[in-house]
Amino acid sequence: MSFLMKFLKSVFPLLDGKDLVFCMLVCRQWHEIARDDYFWKCICSRKWPSICKQPPSGANYKKLYLTFSKPREMQNLPVPRLTFEDIVFYIDMWLEGSLIFSQAVSGRTLRAGLQGAPPPGIPDILAAHLSSQDCILMLEVEPKLAVPMGPAITVSVLANRKDSNKMACIINKSTFDYIDSNAARALAYEYLRFSPRHPFTSDIRAWMSLLFLCKGANTIEVFGIELDFCDAAKSEKEILWLLDMLDWK
């Protein structure tokens, strides 16, 4: 055995995986030496010490390292089967039991968002939010809705799939019990119910926001509503995939 080969076999076990890969590219001789699985076992024993205590049957340490040390690639979602044109949202709101808002809204209309510029006088935080790409599903409330502060406002949202004529409950009589005065938003939420085909999908909420202007000390004027699923879905494609997984009946 040549001095060079002895030297390489003493050095290669001390290298990390990235350096050993570079060594394989130097020349054919280095490539053949670096293929020895012993060197890769040394690397794996430092990266995953427990694997050498009870090695998998027929373990190939070079393959193990090269497979699980790669940075994960972001996978793009395929085109969803559902479109916003396939959905109608039924939105109802009550003020202490009295109906104050009731509208059937196509997904296409909700996706179109607020028409025109936001009303003057809204806080900078809300103005920045309305101009961001996170605003996917919004509806202009016209005429604007004057609501007294204090009494409980509740909301329900059902959805109908026109492609299958099935219904899903998105929000069921949830209360707007959190008011962010700095952002001029009142929020209600409900945990989504998913199809049994997706048993490990849970703890994802649908949020409904009232966008308002303060009119005096005790009254707000609602000029828009927003539906979002920011726990798990922000882009249009993600929201459509999430809606497709609901428990449609």
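These entries record what I looked up about salt bridges in the structure.

Entry 1, basis. I worked from a predicted model, in which local features need pLDDT of at least 70, side-chain atom pairs count only at pLDDT 80 or more, and totals for chains, interfaces and linings use all residues. Residues are numbered from 1 along each chain as its sequence is written, and side-chain values use heavy atoms, with hydrogens and water left out.

Entry 2, count. I took a salt bridge to be a side-chain nitrogen of Lys or Arg within 4 Å of a carboxyl oxygen of Asp or Glu. By this rule I noted 9 salt bridges.

Entry 3, Glu 236 and Arg 111. I found a salt bridge between these side chains, at 2.9 Å from N to O. The pair joins distant parts of the chain: Glu 236 lies in helix H8 (residues 236-244) and Arg 111 in helix H6 (residues 107-112), 125 residues apart. Helices here are DSSP runs of H or I with at least four residues, numbered from the N terminus. I recorded Glu 236 as partly exposed at 34% relative accessibility, and Arg 111 as partly exposed at 28%. Partly exposed lies between buried (under 20% relative accessible area) and exposed (over 50%), with a 1.4 Å probe and protein chains only.

Entry 4, Lys 249 and Asp 247. I noted a salt bridge of 3.1 Å, N to O, between these side chains. Lys 249 counts as exposed at 67% relative accessibility, whereas Asp 247, at 22%, counts as partly exposed.

Entry 5, Glu 32 and Arg 35. Their side chains form a salt bridge at 3.4 Å, N to O. Glu 32 is partly exposed at 44% relative accessibility, and Arg 35 is partly exposed at 48%.

Entry 6, network. I found Arg 81, Arg 161, Asp 163 and Asp 244 linked in a network of salt bridges.

Terms used
Helices (H or I, at least four residues) and strands (E, at least two) are DSSP runs, numbered from the N terminus.
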